[in-house]
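I opened my notebook today to look up pockets in a protein. Here is what I had on screen.

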Amino acid sequence: FDFHNHILPAIDDGSQSLEQSLKMLKCYETLEIEKVLASPHVYQELYPNTPKTIQSAYEVLDSKAKNYPTKLIGYAAEYMVDEFFLKYLQNNEELLCCFDNAVLIEIPYLGNPDILKRIQFELQNSNYKPILAHPERYLNLKNLNIIKDLKLRGVKMQLNALSLTGLYGALARKKAYEWLRNDVYDFIGTDAHNEGQLERLKALHLNKNDFFIWQKICDLQSTLTNL
């Protein structure tokens with residue numbers, strides 16, 4: 001079950017066409033991922049998506065994906081934490097959730113992680129549960145104690161599987177393995193933007209201990225589609 005990806009066609013920096021989205025679905029099949037929940041960017045400056053634009057893109061893909069073994073099961077969003085996102089919350093606008101009121105969020109790669117404390121408070125006051133996408137990729141989020149503090153406050157952490165392959169550089173890879181071994185992660189997603197990135201995951205090999213942790217997370221995650 002992958003709930004962080006950019007499979008919807010021509011809506012952000014992910015798949016650029018229906019054909020490419022269908023190629024991604026085929027790759028999911030070879031990776032034995034059975035269900036995919038789309039999560040395009042909502043980032044006002046670059047990808048000012050709305051529930052309506054996301055629904056439209058989803059319907060285009062869903063209409064052609066019925067016979068694929070890997071099933072599309074809906075859509076959510078990956079929200080950039082910025083002033084526009086704060087306005088969404090202050091205006092009580094409904095957010096697109098992954099499951100069980102969980103909202104996938106990200107911050108700028110050079111952003112100050114302190115904003116996450118405010119966002120966590122605002123989201124939980126609105127009965128949402130924050131999931132921070134790919135914490136290992138943020139340059140200013142490197143202290144394990146900061147991560148643990150956020151988790152105590154109720155922020156869940158989602159590992160990008162591609163971080164373990166070195167796609168985002170050596171530092172992100174190092175943090176990803178270290179934090180996986182320190183039980184930082186609650187979820188795993190691909191964050192795949194194209195079929196080439198999904199193909200890259202085929203070469204990912206974990207040692208026995210890392211695979212045990214990975215599998216435990218995946219087993220729990222697989223139950224979420226039944227909520």
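**Pocket notes**

I began with the second largest pocket, and I read its volume as about 320 Å³. I kept in mind that this is a predicted model.

Next I asked which residues are closest to the centre of the second largest pocket. I found K156, D186, F187, L220 and L224, out of the 17 residues that line it.

Then I checked which elements give two or more residues to this lining, and I noted β6 (129–133) and α8. Of these, α8 gives the most to the lining of the second largest pocket, with five residues.

I also sorted the lining of the second largest pocket by class: I wrote down ten nonpolar, one polar and six charged residues.

After that I turned to the largest pocket, where I found about 750 Å³ of space. I listed 24 residues in its lining. Which of them lie nearest its centre? I noted L31, E32, I33, W214 and C218.

I looked up the elements here too. Both β8 (187–189) and α8 (208–222) supply at least two residues each to the lining of the largest pocket. I saw that α8 brings the largest share of that lining, seven residues.

By class, I recorded eleven nonpolar, seven polar and six charged residues in the lining of the largest pocket.

My last entry is about α8, a helix worth finding on your own screen: I met it with seven residues in the lining of the largest pocket, and again with five in the lining of the second largest.

Terms used:
Residues numbered from 1 in each chain as written. Predicted model: local features only at pLDDT ≥ 70, side-chain atom pairs only at ≥ 80, totals over all residues. Heavy atoms only, no water. 1 Å grid on protein atoms, 1.4 Å probe; cavity = no way out; pocket = protein on both sides within 12 Å on 5 of 7 lines; lining within 4 Å. Points joined across faces, edges and corners; volume = space filled by probe spheres on them. Helix = DSSP H or I, 4+ residues; strand = E, 2+ residues; numbered from the N terminus. Nonpolar A, V, L, I, M, F, W, Y, C, P; charged D, E, K, R; others polar.
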